[in-house]
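Biologist: I should be grateful for a close look at one part of this model, explained for a student in the first year.

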Amino acid sequence: MGTSRQTPQLDGTLHVLPFDGGSLAARVEDAFDTALDSVAKPQDVLVLKRLPNGVAEFTTDLRERTGLSVRPNVQSLPRHAATVLHEAAPDKRLLSYEERIEFLARVLEGYNWSSYFEDASEHDSFGRDVGQLLLDAAWQGGFDLPDQPGEYDELLAELADVNAAFHEKLDQRGLVEQADTISRAVEAIDRPGVRERIEREFDAVVVVEFEECAAIDREYLAALTRNADLYCVAENQASIERVKKEPGGVERLADGLTVLDRAAKDAARDAVSDSERGRVGRQFGAFLATGDCDAEATARLIEAGTLDQQVEEVANEIEYLRAEHGWEYDDFAVLLRTIGDPMPRVRRILRHSGVPTASAGVNGLEQDLAVRELHALAQYHIDDENHAFDLLTARVPDVDDELVRECVDSHSVAQSLKNWIVTTDLKRRIAEDAADIDAREQFRNISRLVSIAEFVDEQDFLESNWYQFARMLERAITYDAPYAHTAEVNVAEGGVTVGDTALVKNDSRKAVFLLNVVDAEYPGEEVLSPLFPTTWITKMEGYPAVTRPTEENVTDTYATVSEVSGDEFERYHDERARRQLAIGARSAEDRLYFCTYEQSQGSVGRRQHRSRYLHAIRNHPDLTLETVEGAGEDRDIHTLGSASTEILSQPWHELERVQAEASTGSEDKIELESTEETLAGIQRVLDDSDDVNPRFERAVRTQFDLARGAVRPDENRGPTGGGE
């Protein structure tokens, strides 16, 4: 843990809330009303949300709860910092994520590394790992190296030099990294005329999710509110982003602020309505975050053999609940601890099962067929590769060499892409072939590719050709960005939310599935960066995360720890994982599922054990876990994937018996010359037999219905027509 930034003292009020979850607008209403009383009109109150997700939804909810006739002025804190920076330097442009990858790659390729990094650069993931660490540092205002470096801090100093070279390259071209906007805005706000123009917009500032404001954020708030009333709203025991960077509870943030503590247990209990207290997620979340809860509650446990089977069971349970309750897909969330592997795999399995998914921010390039098509177009122009042309003809059956050449603008890769998109009617093809939510995602990805091509055309340090475009696209696919790297994030509507637990920190869903609740994940082993062994990181003073916590740091940060026995670093990050689980759990309104699996993929996969936090839940007298046997036992089959699995892998002997009877029936022999005849024979046996397992029969009939299009996986009811 590096030395602390010297943050100017804040002057204002801090409202400390209990760990309750639920509507964010409802929880900040009191502070917002107080701010309204101090200004002439509602537009004079600026509301800054620290986390980038759900800004639009929060704005609408806040307006409805407060009965305002105008839309409240709500922005994310990074977005507002970007506006300040634009006021100070309107010629500066924010760098997109794909552009950042390319600029940084140029710096890394030509850098004179020390022997350690020279060896590390041989690994394919080196550029991505360095980029991630530099990004983490940038969001905190840069590397905070101590005056007396610790062991291995010279490696961080080398990365700090790389970061300086990277930003110098950006400055030369009038570009600013998104993660650097807050620290730049702190410097910019006192430039001539900037403060005067910015302060015209507000007389009071309400900061939401203040518990997540790191030192650089608090420094920005101190500079911004020098002449305005400040109201901060922080939730006790709820920080998951800030505590990765600096230890301590909300009291650490209170220096200079007048504290209004609403987190006392008795006051919190009185303030919570019966309906809010009855939310299943509130009880499990409170226990995991604070060690206590105030009512009985029951969650469900899904156990499977492998990770894939776990997700298939989740898909089937989603369709079961939709059939039972009439819920929409966006009433569900499927959550992992963090963005990254295996999230793309989870999304693919859900979609294969017929469950549409919606996730936040930048994702899906590698699996997007439209992206593959445009990448193949680039490859065709690079080397006239037969494989690329085969992919193009598979996507556009009537394509030929002449059509491809007609789309080329010799002066612009971007215009060539646009010509192809229009000539081959790509957007219409997407709309016809994909569900609405998938089509919207593909449209966004096409826009990203056009932006990449425009960047290739515009930058004089790049060659404006197909090779450069393909190279930049391949880097973007390899480094595909998590949503936390952007200033604003929204989740697409119409599908099951798939993301990390932080995505729903101040949101809720009717049913929430927490995946991979095994000890290898919750808590797992904290790996802050693949660049260094963890034992090295724990000796680095200047690393941009908590690396050397004391016992006091651990107990001050987490209410679930009264004393530490063992390694402080390990315990600190173990408890952070527990809090991440708590944040995900409390987002459940009606149904909460903890999902586990026994073995990693493959015959020699490592055996997984239930998370230790599930054992803690079982030991609590007011909390109950009920096992859901799933599609293999007490649930009908509601998804295409589950139906296929049931037929092809579950009761092998029964399938073989049915097939045998279908082909050698006692009355009329059925000649099986095709798959269609086989299925017809199976259906006849099902019609005539009394001893076929009813669940197996329903699985087969589901497959028939899906095959002939009588039932679509995305209909309100499950393919079987509802549970029995």
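Biologist: At what angle do the axes of helix H17 and helix H18 cross, and within what distance do they come?

Modeller: Please keep in mind that this is a predicted model. Two packed helices are described by the angle between their axes and by the distance between those axes. Helix H17 covers residues 369–383 and helix H18 covers residues 386–395; their axes cross at roughly 135 degrees and come within 8 Å. An angle over 145 degrees would count as roughly antiparallel, and 65 to 115 degrees as roughly perpendicular; H17 and H18 are therefore oblique to each other. Their crossing is left-handed. On the H17 side, the contact is made by Leu369, Ala370, Arg372, Glu373, Ala376, Leu377, Gln379 and Tyr380. From H18 come Ala388, Phe389, Leu391, Leu392 and Arg395. Sorted by class, the contact of H17 with H18 has nine nonpolar, one polar and three charged residues.

Another pair of helices may be described in the same terms. Helix H3 (residues 77–88) packs with helix H10 (residues 215–224) at an angle of about 50 degrees, and their axes are 12 Å apart. These two helices are therefore also oblique to each other. H3 passes H10 in a left-handed crossing. In this contact, Leu77, His80, Ala81 and Val84 of H3 meet Asp217, Tyr220, Leu221 and Leu224 of H10. By class, six residues in the contact of H3 with H10 are nonpolar, one is polar and one is charged.

Helices may also pack on a sheet. Here, seven strands form an open sheet with parallel pairing, in the order E11-E12-E10-E13-E14-E9-E15. Strand E11 (357–358) and strand E15 (623–628) are the edge strands, and each of them pairs on one side only. Within the sheet, strand E10 (residues 332–336) pairs with strand E12 (residues 496–500) in the parallel sense, over four bridges. Val334 has Val498 in E12 as its bridge partner.

Helix H15 (residues 307–325) lies across strands E9, E10, E12, E13, E14 and E15. H15 runs at about 155 degrees to E14, a strand formed by residues 588–599. Helix H27 (residues 568–586) packs on the sheet as well, where H27 touches E10, E13 and E14. The direction of H27 makes about 135 degrees with that of E14.

Technical notes. Residues are numbered from 1 along each chain as its sequence is written. This is a predicted model: local features need pLDDT of at least 70, side-chain atom pairs count only at pLDDT 80 or more; totals for chains, interfaces and linings use all residues. Side-chain values use heavy atoms; hydrogens and water are left out. Axes are lines fitted to C-alpha atoms, for helices over the stretch in contact, and angles run from 0 to 180 degrees between N-to-C directions. Angles under 35 degrees count as roughly parallel, over 145 as roughly antiparallel, 65 to 115 as roughly perpendicular and the rest as oblique. A crossing is left-handed if the near helix is turned anticlockwise from the far one by less than a right angle, and right-handed if clockwise. Contact means heavy atoms within 4.5 Å. Ala, Val, Leu, Ile, Met, Phe, Trp, Tyr, Cys and Pro count as nonpolar, Asp, Glu, Lys and Arg as charged, and the others, Gly among them, as polar. Two strands pair if DSSP finds at least two bridges between them.
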